[in-house]
Amino acid sequence: MANKSKFQAIRGTRDLLPPDTALWNRVEQTAHEVFTTYGFDEIRPPIFEPTELFARAVGGDTDIVSKEMYSFPDPPEATEGSRRFIDAVVAIGEEESTSEGKTKRITIGEKHLPELYRLQEEWKKSDLASLRPEATASVCRAYIEHNMQQMPQPVKLYYMGPMFRRERPQKGRYRQFYQIGAEILGGPDAPAIDAELIEMLMTFFDKCGLHGTELSINSIGHAADNCRRGYVAKLREELLKVKDKLGADSQRRIDTTPLRVLDSKLEHEQAIIATLPHIADHLCDDCKAHYAAVKRELEARGVIYRENWRLVRGLDYYMRTTFEITAQGLGSQNAVCGGGRYDGLVELLGGTPTKGIGFAIGEDRLILSLQEGGKAPAAQGPDVFIAWMGQNAYATAIRAAKTLRNTGFRVELPGTELKFGKALERASKLGSRFALILGDNEVQSGEWTLKNLATSEQQKLSEQALLEYLRR
Ligand code: AMP
């Protein structure tokens with residue numbers, strides 16, 4: 001017997017259904033419009049990329065890369081890894097002359113094994129691809145690959161689409177989720193650039209009708225000893241003093257990424273974290289001036305912000321400005337956007353030193369917050385339902401439907417004949433605004449009957465007059 005068990009969407013994924021999809025489209029349309037007015041163009045990178053790209057850009061020991069990526073083998077025809085592996089094996093060999101000419105005898109001794117194992121690991125890694133957990137890495141890869149540093153700088157790009165992380169699903173957290181993001185690559189790191197990017201974001205949220213957002217900003221300095229590195233050393237020192245009182249995750253991070261301890265949401269760690277040193281007191285003069293100028297620039301643009309010294313990013317190439325936006329109605333997953341400056345990333349991915357700043361909006365959460373705020377569109381019914389009877393009327397109905405649709409109306413034309421009573425019943429069920437009634441009389445006289453389904457008013461109009469009436 002055939003297996004009749006039903007299929008369900010995989011945990012952490014979901015169908016976006018009407019009428020919600022209308023809201024998704026409206027949000028995306030708003031992004032296209034607002035970002036374009038700020039001089040951004042759209043980029044559509046692929047959904048999967050070499051795993052190594054994300055390992056390098058997002059960081060090998062972040063949760064995203066170490067636990068949450070959907071990766072799969074995708075060996076190219078001849079990989080860089082395999083070539084390097086074979087070259088390495090050949091290099092071990094010793095040349096000798098035989099009757100057939102010069103050959104290489106390859107004897108692999110135990111002393112060669114560690115190096116070969118290392119190369120094999122590298123080779124394996126180079127054959128892995130991952131579904132993208134975020135898109136900044138892809139945009140930087142594309143910037144390098146397509147020589148965009150030759151274009152007028154900075155290059156301003158935005159993207160939207162699905163991202164994939166194997167996180168524990170909950171409200172506002174999915175395994176396939178959607179981000180709308182923008183990146184500014186190249187050019188100077190003038191504070192005005194940071195401020196204008198944030199202004200654009202707030203304009204976008206405003207145009208979406210999202211109210212009650214809160215913008216937090218911070219500066220995390222840059223990697224030098226007299227700036228963030230000095231601060232991190234001091235932070236580690238202070239954290240070691242309270243190590244016993246911290247949870248296991250934070251204890252581990254003291255060694256690896258002490259800044260990340262500041263991200264902790266654990267209730268019992270909050271009081272301890274409150275006593276830790278603030279980065280603002282350790283910024284070098286340049287970073288301090290940059291931060292002060294970003295704040296001035298935000299004020300000049302009427303952007304309201306809150307400073308949050310705990311807003312950090314763990315990786316070295318992040319620097320100076322970081323920001324986050326929270327929205328209402330989302331419970332614990334209330335961040336709708338995160339962003340920051342990442343001046344070292346393009347170089348880390350093999351490009352020339354390039355300034356960069358960007359953000360990613362969580363579209364699922366933005367939609368949730370709009371819905372909680374009562375911004376969900378109602379299901380949309382047809383503008384006109386065409387109730388026809390008789391083959392002559394059907395020919396006219398087909399033509400009328402085409403004309404009305406060309407004019408932009410949403411039209412329902414039943415493909416089988418229905419008694420007028422039944423047709424009007426169906427029109428009401430669908431939530432139609434008007435019913436266009438076409439029978440033999442209407443076709444002969446050229447006067448069509450239009451019924452307003454909300455008021456039950458009925459009028460006779462010529463085709464031309466009907467179009468004009470509906471347009472009004
Ligand atoms: P990130 O790329 O981690 O900086 O995240 C940027 C934004 O994407 C966050 O502020 C969230 O709004 C959203 N986001 C991140 N992870 C998820 C997820 N698993 N589900 C839904 N939204 C997410």
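**Buried cysteines and a ligand shell**

Cys 140 is buried, with a relative accessible area of 0%. The model described here is a predicted one, and two topics are taken up below, namely its cysteines and the surroundings of its ligand.

**Cysteines**

- Cys 140 takes part in no disulfide, and the nearest cysteine sulfur, which belongs to Cys 337, is 16 Å away.
- Cys 287 is likewise in no disulfide, because a disulfide requires two cysteine sulfur atoms within 2.5 Å and the nearest cysteine sulfur, that of Cys 284, is 3.7 Å away.
- With a relative accessibility of 0%, Cys 287 also counts as buried.
- Under the 2.5 Å cut-off, the count of disulfides comes to zero.

**Contacts of the ligand**

- There are 15 residues around the ligand, and those that come nearest are Arg 165, Glu 167, Tyr 174, Gln 179 and Ala 335.
- A polar backbone atom of Tyr 174 is 2.9 Å from a nitrogen atom of the ligand, while a polar side-chain atom of Gln 179 lies 3.0 Å from an oxygen atom of the ligand.
- Gly 362 contributes a backbone N or O atom that lies 3.5 Å from an oxygen atom of the ligand.
- The ligand taken alone exposes 490 Å², of which the protein buries 86%.

**Make-up of the shell**

- Strands E8 (176-185), E12 (335-341) and E13 (356-362) are the elements that each give two or more residues to the shell around the ligand, and the largest share, four residues, comes from E12.
- Sorted by class, the shell around the ligand holds six nonpolar, four polar and five charged residues.

How values were computed: Residues are numbered from 1 along each chain as its sequence is written. This is a predicted model: local features need pLDDT of at least 70, side-chain atom pairs count only at pLDDT 80 or more; totals for chains, interfaces and linings use all residues. Side-chain values use heavy atoms; hydrogens and water are left out. Buried means under 20% relative accessible area, exposed over 50%, partly exposed in between (1.4 Å probe, protein chains only). A residue is near a molecule or strand if one of its heavy atoms lies within 4 Å of it. A polar contact is a pair of N or O atoms within 3.5 Å; within protein, one must be able to donate a hydrogen and the other to accept it, and residues adjacent in sequence count only if both atoms are side-chain atoms. Accessible areas come from the Shrake-Rupley method with a 1.4 Å probe; for residues, only the protein chains shown count as cover. Ala, Val, Leu, Ile, Met, Phe, Trp, Tyr, Cys and Pro count as nonpolar, Asp, Glu, Lys and Arg as charged, and the others, Gly among them, as polar.
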